[in-house]
Amino acid sequence: MNKERLKDWLIFIVGSLSFVKFRVIGTFALGEILVLLCSLFIPLTLFTKNRNVRNLFLMSFVWLLGVILSNFWNEIPPEDNLKGIFNVLLLVSLIPFVFWALYDKPQRWIYFYFGFALSTLYNFYFQKTFTSDFSYTVWFVYGHYPLAMFLAGYSYYKGKHLLSYAIIMAFGVWSLFNMSRNIFLVQSLAVIILYYLNKYAVGTDILKLNFNYRIFRIFLSLLVGLFIVAQTYEKMASSGVLGIDAKKKYILQKESSIGLASGRGDFLVALYLIQKHPVFGYGSYAKDKEKMAYKFKQSHGMNLYDEEYDKTDMLPGHSYLLGGWLFAGILGFIFFLYVLIKLWKFFQSRAFVYDFKLLGFEMYLLLAFLWDIFFSPFSDRINFVFFLVFLFIIQEKFEQSQLQTS
């Protein structure tokens, strides 16, 4: 077996261990430990050759500084202080290895993501604990979501575009019946984007098109798609087609003072809390000692029960952007805003044309990634770093190819 195949297998193994979790002060993955061990034998400064990866590394220290200052200002207990600091330090330490793993062959990321999908299944079936039928149903969907995206992305990679769309849309429809309408929304939009990109790219040099106009067309399509998806969900949920639990959830949200937006209640609570402490936030793993989240939800007629909140009494951080701001102050927000801007620039630069076979993977995960940045708690360092570095390497190779042809 040559060195390249050994590297492929190593990345697959890292992915396969990336959701096998254990606790030592904070939560770690075996895949992260393997990465740290392997980092002893690789050139640690190799990543500095890529501008975007180098900047990601430097911006991570901006986030780290925010964590340190926020924890000091809010007098966070030592254990939570260490957990918050090591969370960012571990993310930083992953970057050199991930770049080394992908810089010569960005398609190798597929091996990682296949392992990651299998690891997520393992975590759900053998490590996850559930306190209610509702939590089991929700986590059942998310436990299988990466595998669905892998199968759809790989089908696209092999040129089977219709099969790819069918897989991801079937999973999206199925998720509607299991309390997770955002997957249906996100992946419906991903399919719309893929359809347009394929329509305009086939037999045409997409680099010569008026891309701003095309983006506008896509944006209008997204708005129409969003409206259709929202109306579809509302009719199906209110009529009971999606089941009694989905109907109860729909009625509860509809009757709140902010309507269906209460489904993203933690996002709204976070906005409310941030305006009270916009500079330093509340510190790592900050507890809701004054029951501010509860009072805000109560005043807006929102669901007062939240399993994670009731169990930990921790402030809601269901957004990379706002969670970073809540727990690390304005510097945490700046880091995730930087990531958001880089994702937009990747799309705007048309770097996805570097390898059209990867377009399915890129769009399915990019849309899911954007949803997480706005509406999910940050808890998955290794997949976060792998996907960003994967996109940054593709963008660099695309830019180099443009220079060679100009």
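D8 and R108 are both buried, and they make a good place to start in this predicted model. Their side chains meet in a salt bridge, with N and O 2.7 Å apart. D8 belongs to helix α1, while R108 sits in the loop between α4 and α5, so this contact links distant parts of the chain, 100 residues apart.

**Salt bridges**

The structure holds 10 salt bridges. Three of them are set out here, each with its N to O distance.

| Salt bridge | N to O distance |
|---|---|
| D8 and R108 | 2.7 Å |
| K105 and E4 | 3.5 Å |
| K83 and D80 | 3.7 Å |

The bridge between K105 and E4 also links distant parts of the chain: K105 lies in the loop between α4 (78–102) and α5 (109–127), and E4 in helix α1 (residues 3–16), 101 residues apart. Is E4 buried or exposed? E4 has a relative accessible area of 43% and counts as partly exposed, because that class runs between 20% and 50%.

K83 and D80 make a local pair, as both lie in helix α4, 3 residues apart, or about one turn of the helix. Both residues are buried. Elsewhere, salt bridges with shared partners join E4, R5, K7, D8, D104, K105 and R108 into one network.

**Aromatic rings and charges**

K83 has another contact to look at: it lies over the face of Y285, 4.4 Å from the ring centre. In a similar arrangement, K21 lies over the face of F19, at 4.7 Å from the ring centre.

Turning to ring pairs, the count comes to 51 aromatic pairs. Why is the pair of W73 and F280 called stacked? Their ring centres are 4.5 Å apart and their planes meet at 15 degrees, and planes under 30 degrees apart count as stacked. W73 lies in helix α3 (residues 51–74) and F280 in the loop between α11 (265–274) and α12 (292–299), so the pair ties together parts that are 207 residues apart in sequence. The two rings can also be described by their accessibility: W73 counts as exposed at 54% relative accessibility, whereas F280 is partly exposed, with a relative accessible area of 28%.

**A pocket to explore**

Finally, have a look at the second largest pocket, which has a volume of about 310 Å³. Its lining is made up of 16 residues, and N74, Y282, A286, K287 and K289 lie nearest its centre. Sorted by class, this lining has 7 nonpolar, 3 polar and 6 charged residues.

Note on methods:
Residues numbered from 1 in each chain as written. Predicted model: local features only at pLDDT ≥ 70, side-chain atom pairs only at ≥ 80, totals over all residues. Heavy atoms only, no water. 1 Å grid on protein atoms, 1.4 Å probe; cavity = no way out; pocket = protein on both sides within 12 Å on 5 of 7 lines; lining within 4 Å. Points joined across faces, edges and corners; volume = space filled by probe spheres on them. Nonpolar A, V, L, I, M, F, W, Y, C, P; charged D, E, K, R; others polar. Phe/Tyr/Trp six-rings, centres within 6.5 Å; stacked < 30°, edge-to-face > 60°. Helix = DSSP H or I, 4+ residues; strand = E, 2+ residues; numbered from the N terminus. Buried < 20%, exposed > 50% of the residue type's maximum accessible area, 1.4 Å probe, protein only. Lys NZ or Arg CZ within 6 Å of the ring centre and 35° of its normal. Salt bridge = Lys/Arg side-chain N within 4 Å of Asp/Glu carboxyl O.
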